[in-house]
Amino acid sequence: MEKKIQIPNSVNPDIAIERKNASFDPEEMAIWYYGSKENLSMKRIIVKESCEDLDDPLLYEFLSYEDMASLAIKCAIDSIKNIRALQERFNPGGSEIYPARLGDNAINVLTPGGNPFTVHILMFTRALREQGTPEQYEKFGRRADNCEIIGTFAQTELGHGTYLKGLEARADYDRRTEEFVLNTPKLTSYKWWPGGLGQTSNYCIVVAQLYIDNEPKGIQMFVVQIRDEETHMPLPGVHVGEIGKKVGYNGVNHGFLGLRDYRVPRLNMLMRNQQVLADGTYVKSPVSQLSYYPMMFVRCMVARMCAEMLAQVATITTRFSVIRRQSPIDEGDGEPKILEHMTQQMKVIPEIATSIAYSLAAKNLRSLYDETSEAIMRQDFSRLPELHALACILKVSCSYDATYGIERLRQGCGGHGFLTAGNVGTIFSMASAACTYEGENSVLYLQVGKILMKAWADAMAGKQLMPTLMYIKDCSSGAESFKWKGTWQCLVKAIQYACVGSIRVAFASFNSRLKQGHSQSVAVSKTGQELTKAAELHGRAYVAANFHQEVMHGRNKEQRSPQFQRVLENLLELHLLQIFFRHLGDILRFVHISEDDIASLQTRLEEVLKKLRPDAVAITDGFDFEDKVLSSALGCYDGNVYERLFQAALKHPLNKKPVADFYELHLKPFMRENAAKAGANAKL
């Protein structure tokens, strides 16, 4: 008998009572979370109009790989057309909607397999604008901005990723023709991973080692046409294709690229900051880090996106946790909502706080990026080292904590969290991918660790430190004078002291290895554990201090209602306490805290969970994620979880027939064969 599942028009009473009993208005939080009423309003307009005719994303799970790739292109084009139309409606000629909003979660949901235009939007067009000369932008950039050509950013190779100095692709300058000759001389030098490279892009920026008279000049960026603009066929000397199915992002069309004696004009090298003159004279960039500047922007975006993905899954799991009932707490009682269990609260509510902490940190990072970009246009490069350090550590911290947090939340949904219909696994795959793209996290930890050691040396020499590292100087004398008071400032300071103590240990270990005769690079490698620990704690210290600053002294604090301010303070308390206990061993190594003080903090942790528990649904409502954005049967706003799960199950292709084809083909003959053998044996 065929059964159809109807989704009730009413809201599940278990989730309705959560909203009724909340202590604050989620709308106030939504305005705060998105920065202003205007931003929230525009976000809602984009979601409404972009998602109005959106198909059920679950259906895409049953497509072939080729069909998924084709659909991803169609959806990406539709999303660009939608955002362009909104830009023209609200501010013709502006850019605050298109292309600025193309990274919003509403747009991401339009491309459930991933967006093959993401690298074109985030890196290709931006690199042309920021790394090219005005003439180069006129030649390539305007066409790219208008999507007359589609490009990608080809940096990572099959054999080299984060270690950019090891890239093997090379560009040799030919004075006679004023051209660069590009080659990927070995299999390992093939470009590998760029989004959209496989079949989508007809141009790319190739990052290669520049050679003049066979003398290396460092990595440079070259605009390279790889496909014919009319036929889309690969050009002679170009070997390009798709790298294959992945754990996630299977609509992004990641590709490989090989070049053989491929010539491009001299003016195809991006030359805003460095030049190769016609006679082969190389004019060096004023700051070497400018070559890596496109990556810094992407790291800013990774931090924001990971914070948002964690918030999405926290919303899904919170809503599920007030619908699902299981395991009486007191013998004889009925089954409570699983969010009543302390263990479930510890899985769910801290991740809500963490997502908010990282969202605030990512917003500050983006502000620093914008300020630095404006300064660079004035030839002021003073903020670049700080941006590099902060972008590295937040990229690592956000991607690691989002990945681990989402997995904890998935487990908080029990077995249902393993279903594709819950969408937690899809979001997890996107967050976990961020741990290795745009700089593998362990390598970035080491980069930050080296920056911290230099800051320690500068602090000891009485030199000025960059603003985000000033606490190193403040804590450099040790924690002997540190008086434990248990305040929020005290918790932040304890994390900072643990970080500075770890930097001091790493610095001493590094110098000890130098004295043993090791080179600097070998000494860094052997000090990897200490450097990684210091870098991790620096990320924790920055996010904690920034969260405290934003909650207690942030923009428009005086306009917050007392009720909402109380919720923010509870979230701050929870975040600081969970970081304290996560790094208790590191803190106790450098800060004296009594056993009674620790017991008091444990009590506070339990108390703040109790305070936040009634507001958990309202807080996640404040993230303002629409159902189509979450795309989750478990996290729907109305709480009708079981009906949606069953409806999703009925959509599976195997449920289109009462008997699957494999029954007659495989299963029936197998069982009949076994029955025949059993009958024959019985007669013996």
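Tutor: In this predicted model, a network of salt bridges links Asp 401, Lys 533, Glu 536, Arg 540, Arg 582 and Asp 586.

Student: What makes the pair Arg 540 and Asp 401 a salt bridge?

Tutor: The closest N and O atoms of Arg 540 and Asp 401 are 2.5 Å apart. The rule asks for a side-chain nitrogen of Lys or Arg within 4 Å of a carboxyl oxygen of Asp or Glu, so the pair qualifies as a salt bridge. The pair links distant parts of the chain, with Arg 540 in helix α16 and Asp 401 in helix α10, 139 residues apart.

Student: Why is Arg 540 called buried or exposed?

Tutor: Arg 540 has 8% relative accessibility. Buried means under 20%, so Arg 540 counts as buried. Asp 401, also at 8%, is buried by that cut-off.

Student: Why is Arg 644 classed as partly exposed, whereas Asp 638 is classed as buried?

Tutor: Their side chains meet in a salt bridge at 2.6 Å, N to O. Arg 644 stands at 21%, and partly exposed covers values between 20% and 50%. Asp 638, at 12%, falls under 20% and is therefore buried.

Student: Why are α6 and α7 called roughly antiparallel?

Tutor: Helices α6 and α7 pack at an angle of about 155 degrees, with axes 9 Å apart. Angles over 145 degrees count as roughly antiparallel, so α6 and α7 receive that description.

Student: What makes α9 roughly perpendicular to α19?

Tutor: The axes of α9 and α19 come within 11 Å and cross at roughly 75 degrees. That angle lies in the range 65 to 115, so α9 is roughly perpendicular to α19.

Conventions:
Residues numbered from 1 in each chain as written. Predicted model: local features only at pLDDT ≥ 70, side-chain atom pairs only at ≥ 80, totals over all residues. Heavy atoms only, no water. Axes fitted to C-alpha atoms, helices over the stretch in contact; angles between N-to-C directions. Helix = DSSP H or I, 4+ residues; strand = E, 2+ residues; numbered from the N terminus. Parallel < 35°, antiparallel > 145°, perpendicular 65-115°, else oblique. Buried < 20%, exposed > 50% of the residue type's maximum accessible area, 1.4 Å probe, protein only.
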